[in-house]
Amino acid sequence: NVIIDLLKKDVMVSGKEGILKTESQDMEIREEVIGKTKDNKWNLFTELLTYEKATDKLASPVRTKAVNNEDGTTIFGDKLETTTEFLEVHLIGNTDFTKEKDRITADRAVYYTEQKKVDANGSVHYTGEGNELKANSAVYELVTEILTANGNVYYKDAGSEITAGHAIYNIKEQMVNASGSGRFKYPQNNVDGEYIEGVYNLKDQVLVTNSAFTLNNDGYIIKGNSLHYIVSTGDAYMSTSFSVRRENMVVSGSNGNANTKTKNIFANSMVMRSDQGDLITSNTGDGNFEKREFKFDGNVNGKIRGNVKDFVKSK
């Protein structure tokens, strides 16, 4: 029942065995160690804790649990270092941070008390309510509920998967802003693709990108530089030039829309080409790849299998 009271630091530590070096005022306490601040904001639980007066450093070389009673966070690590002010809590080895529904594990982490922020590095793995995110490193801000991840980012929930070099995950707003030559996958719709950067609205299941992209649905491939894709309905809207390939046929336009479920398509300044040499152009066009039926309107011109036809004058 050893108790050491750091009077000037407002910290108390208890355990079964204690050593106090009277000259340096350093201490070591072992077995069933409990450390706490007198304002009850922080508690430590470990089997070995040292205190170095010259640096005001509390350290534990063994598995340690730290609890912040003020914001409801719990932290674990194989090693822990902090000061009696608990402004920064450094954890090394199998670190584990939890707060309500959110959990972050990593090789090492620092918790900043005043900023209410976790800086995690090495094999970072975030889990929430039905979703997860992995990365090489991540910073989680508790107040804004924003997780900024870097390096080999992988996000997954019940209906989607996203990979990227960098991502900002707004947990409160349910938005993922990804960049760095990422890929996306929606297994339920059998859709996957890639993009340079994009924003995914998790709540409404909408992907928006204003960068070069490719969307693939069973060989039905859309390419362009802008995309507004509604996952649940399969509707894809392109505000700039795009192309759609299905087997040996390519349809392109200055802008338009398509649907990955029905395979319908509409385009302004439509151009249809086949690998065999067919070519049809028109002001607008719409049709369906599965039915292989298309309608062309306005200044229609065409070349079918090498035979030139004037569709406007021909009966």
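**Entry 1: strand pairing around β26**

I begin from the rule that two strands count as paired when DSSP finds at least two bridges between them. The model I am reading is a predicted one, and I first looked up the partners of β26, the strand that covers residues 264-274.

Strand β24 (residues 249-253) is joined to β26 by four bridges, and the two run antiparallel. Within this pairing I noted that Ser252 has Val271 of β26 as its bridge partner.

Strand β25, which covers residues 255-259, is likewise connected to β26 in the antiparallel sense, by four bridges. Here the bridge partner that I found for Ala258 is Ile265 in β26.

With strand β27 (residues 279-288), β26 pairs over nine bridges, again antiparallel. As an example I wrote down Ala267, whose bridge partner in β27 is Gly285.

**Entry 2: turns and positive phi**

I then went through the connections between these strands. β25 and β26 make a hairpin with four residues between them, and Lys263 in that turn has a positive phi of about 70°. β26 and β27 also make a hairpin with four residues between them, where Gly277 in the turn has a positive phi of about 110°.

Which residue in the loop between β23 and β24 should I check next? It is Glu247, placed in the loop that follows β23 (242-246). Its phi is near 55°, a positive value in a residue other than glycine, and at 56% relative accessibility Glu247 counts as exposed, because the class begins over 50%.

Arg292, in the loop between β27 and β28 (293-297), also has a positive phi near 55° without being a glycine. With a relative accessible area of 43%, Arg292 is partly exposed.

**Entry 3: the surroundings of Lys263**

I came back to Lys263, in the loop between β25 and β26, to ask about its charge. How far away is the nearest side chain of opposite charge? That side chain belongs to Glu290, and the distance is 5.0 Å, while Lys263 itself is buried and has no salt bridge. The separation is beyond the 4 Å that a salt bridge allows, which means that the pair with Glu290 is not counted as one.

What the side chain of Lys263 does have is a polar contact with the side chain of Asn217, at 3.1 Å. Apart from residues up to four places away in sequence, I listed Asn217, Tyr220, Gly287, Asn288, Phe289 and Glu290 as the residues that Lys263 touches.

**Entry 4: salt bridges**

Side chains of opposite charge can pair when their charged atoms come close. I found a count of 16 salt bridges in the model, and I looked at a few of them one by one.

Asp5 and Lys38 form one, with 2.8 Å from N to O. This pair links distant parts of the chain, since Asp5 belongs to strand β1 (residues 2-6) and Lys38 to the loop between β4 (27-37) and β5 (42-52), 33 residues apart. Asp5 counts as partly exposed at 34% relative accessibility, and Lys38 counts as partly exposed at 39%.

Lys116 and Glu70 form another, where the closest N and O atoms are 3.9 Å apart. Lys116 is in the loop between β11 (102-112) and β12 (117-127), Glu70 is in the loop between β7 (64-68) and β8 (73-77), and the two are 46 residues apart. At 22% relative accessibility, Lys116 counts as partly exposed. I also noted that Lys116 and Glu70 belong to a network of salt bridges that links them with Lys41 and Asp71.

The side chains of Lys101 and Glu145 meet in a further salt bridge, at 3.7 Å from N to O. Lys101 is in the loop between β10 (88-99) and β11, and Glu145 is in the loop between β13 (132-141) and β14 (146-156), so the salt bridge ties together parts that are 44 residues apart in sequence. Lys101 has a relative accessible area of 32% and is partly exposed.

**Entry 5: the nonpolar core**

Last, I looked up the largest nonpolar core, which has 73 residues. Which residues have the most contacts inside it? They are Leu133, Tyr169, Val176, Ile222, Tyr229 and Ile265. Ile265 is already in my notes as the bridge partner of Ala258.

For Tyr169 I went through the contacts, leaving aside neighbours within four places in sequence, and among them are Tyr126, Leu133, Ile146, Leu147, Met175, Val176 and Leu202. Glu145, the partner of Lys101 in a salt bridge, is also in contact with Tyr169.

Key: Residues numbered from 1 in each chain as written. Predicted model: local features only at pLDDT ≥ 70, side-chain atom pairs only at ≥ 80, totals over all residues. Heavy atoms only, no water. Buried < 20%, exposed > 50% of the residue type's maximum accessible area, 1.4 Å probe, protein only. Lys, Arg positive; Asp, Glu negative; His and termini not counted. Polar contact = N/O pair within 3.5 Å; in protein donor to acceptor, adjacent residues only side chain to side chain. Contact = heavy atoms within 4.5 Å. Core = buried A, V, L, I, M, F, W, Y, C linked by side-chain atoms within 4.5 Å.
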